[in-house]
Amino acid sequence: MAQNLFLPFITSIVKPFIGGRKTLFPIPKDIRGSLELINKLMEEEKFKPVIDREYLLEQIVEAYKYVEKGHKKGNVVITGRHD
């Protein structure tokens, strides 16, 4: 299932039907610190993002369909550049 940004808002409405589950989104309190840490780990080659597929912006529909299938093994990247 693809991420649904509206799920937290409707959870309270459908709570009886989905078994009382809660939806939480981890939001970093120190975004700058988090980005600096990720950058440091990447420089030290201790962190490498897993990229499953890359799509051009014009292929956004295909990318969404792929993610929606639920078979991705990493991040799906949308890029505006042509190589």
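A salt bridge here is a side-chain nitrogen of Lys or Arg within 4 Å of a carboxyl oxygen of Asp or Glu. The model is predicted: local features need pLDDT of at least 70, side-chain atom pairs count only at pLDDT 80 or more, and totals for chains, interfaces and linings use all residues. Residues are numbered from 1 along each chain as its sequence is written, and side-chain values use heavy atoms, with hydrogens and water left out.

**Exercise 1. Find which residues Lys40, Glu44 and Lys46 meet in salt bridges, and how exposed each residue is.**

Step 1. Start with Lys40: its side chain meets that of Glu44 in a salt bridge, at 3.9 Å from N to O.

Step 2. Move on to Glu44, which also forms a salt bridge with Lys46, with the closest N and O atoms 3.5 Å apart.

Step 3. Put the pieces together: Lys40, Glu44 and Lys46 are linked in a network of salt bridges.

Step 4. Now for exposure, where buried means under 20% relative accessible area, exposed over 50%, and partly exposed in between (1.4 Å probe, protein chains only). Lys40 is partly exposed at 46%, Glu44 is partly exposed at 37%, and Lys46 is exposed at 62%.

**Exercise 2. Work out which partners Arg53 has.**

Step 1. Look for a salt bridge: Arg53 forms one with Asp52, the closest N and O atoms being 3.8 Å apart. Arg53 is partly exposed, with 38% relative accessibility, and Asp52 is partly exposed at 24%.

Step 2. Look for a ring: the charged end of Arg53 sits over the ring of Tyr66, 3.8 Å from its centre. This calls for NZ of Lys or CZ of Arg within 6 Å of the ring centre and within 35 degrees of the ring normal.

Step 3. Check the total: the count for the structure comes to 3 salt bridges.

**Exercise 3. Decide whether Thr79 is buried or exposed, and name its contacts.**

Step 1. Place the residue: Thr79 lies in strand S2, residues 75-79. Helices (H or I, at least four residues) and strands (E, at least two) are DSSP runs, numbered from the N terminus.

Step 2. Read its accessibility: Thr79 counts as buried because its relative accessibility is 11%.

Step 3. List the contacts (heavy atoms within 4.5 Å). Not counting residues up to four places away in sequence, Thr79 touches Glu54, Tyr55, Leu56 and Leu57.

Step 4. Set this in the whole protein: 8% of its 83 residues count as buried, and its elements follow the pattern α-α-β-α-β.
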